[in-house]
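Please open the model in a viewer and keep the sequence panel visible. The tour below proceeds by selection, with a short account of what is found at each stop.

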Amino acid sequence: MTDRSVEVSVDAEPELVPVIRNVAADLAIRMDLQLDTIADLRLAVDEACGLLLKQAATPATLRCRFTLSERTITARAEVACEDGATPPQEGFSWHVLNALVREVRSQTVRESDGAPVAVIELAVSDA
């Protein structure tokens with residue numbers, strides 16, 4: 001299977017996170033991943049987006065790029081944030097993320113124009 005990707009962008013509002021969560025689940029279903037893996041991905045994407053929304057500048061766009069490879073989905077969620085904001089790497093939501101996925105990391109990066117962007121990357125796999 002050649003890697004494929006899907007990107008979803010929504011306004012950074014809690015009411016729109018289910019759109020991203022449902023895209024994640026739909027992609028996992030189409031890959032025929034196990035039901036437990038699909039459920040873990042849905043919850044992990046929800047937690048990651050929730051963490052990022054707490055860091056979001058106003059107004060902002062929440063983006064999530066899903067990369068599909070053999071039995072693995074990698075999600076990279078990102079949102080513009082204020083200078084100095086960093087996605088947390090501790091607390092209950094972070095603990096939940098670590099329990100649900102094979103790998104997770106967060107960071108703040110700079111866009112080409114210098115604007116800060118909070119990023120959370122995670123991967124789930126049946127393998």
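Angles over 145 degrees between axes count as roughly antiparallel. This cut-off serves the first stop in what is a predicted model.

**First stop: the helix pair**

Select residues 17-30, which form helix 1, together with residues 35-55, which form helix 2. Their axes come within 9 Å and cross at roughly 150°. Helix 1 and helix 2 are therefore roughly antiparallel to each other. The crossing of helix 1 with helix 2 is right-handed.

Next, display the side chains where the two helices meet. On helix 1, select V17, I20, R21, N22, A24, A25, A28 and I29. Their counterparts on helix 2 are I38, L41, R42, V45, D46, C49 and L53. By character, the residues of this contact comprise 11 nonpolar, one polar and three charged.

**Second stop: T72**

Move to strand 3, residues 72-80, and select T72 within this strand. Is T72 buried or exposed? T72 counts as buried, because its relative accessibility is 11% and the limit for burial is under 20%.

Now add S125 to the selection: the side chains of T72 and S125 are joined by a polar contact of 3.1 Å. Leaving aside residues up to four places away in sequence, T72 also touches M31, T67, R102, A123 and V124.

**Third stop: D126**

Select D126, located in the segment after strand 5, which spans residues 116-125. With a relative accessibility of 17%, D126 counts as buried.

Which side chain makes a polar contact with the side chain of D126? The partner is R71, at 2.7 Å. Show the backbone of Q34 as well: its nitrogen lies 2.9 Å from a polar atom of the D126 side chain. Beyond four places in sequence, the residues that D126 touches are D32, L33, Q34, T37 and R71.

**Last stop: E90**

Finally, select E90 in the loop between strand 3 and helix 3, the latter covering residues 92-100. E90 has a relative accessible area of 66% and is therefore exposed. To finish, place a distance label between the C-alpha atoms of E90 and E121; the label should read 15 Å. These two residues are 31 residues apart along the chain.

Terms used. Residues are numbered from 1 along each chain as its sequence is written. This is a predicted model: local features need pLDDT of at least 70, side-chain atom pairs count only at pLDDT 80 or more; totals for chains, interfaces and linings use all residues. Side-chain values use heavy atoms; hydrogens and water are left out. Axes are lines fitted to C-alpha atoms, for helices over the stretch in contact, and angles run from 0 to 180 degrees between N-to-C directions. Helices (H or I, at least four residues) and strands (E, at least two) are DSSP runs, numbered from the N terminus. Angles under 35 degrees count as roughly parallel, over 145 as roughly antiparallel, 65 to 115 as roughly perpendicular and the rest as oblique. A crossing is left-handed if the near helix is turned anticlockwise from the far one by less than a right angle, and right-handed if clockwise. Contact means heavy atoms within 4.5 Å. Ala, Val, Leu, Ile, Met, Phe, Trp, Tyr, Cys and Pro count as nonpolar, Asp, Glu, Lys and Arg as charged, and the others, Gly among them, as polar. Buried means under 20% relative accessible area, exposed over 50%, partly exposed in between (1.4 Å probe, protein chains only). A polar contact is a pair of N or O atoms within 3.5 Å; within protein, one must be able to donate a hydrogen and the other to accept it, and residues adjacent in sequence count only if both atoms are side-chain atoms.
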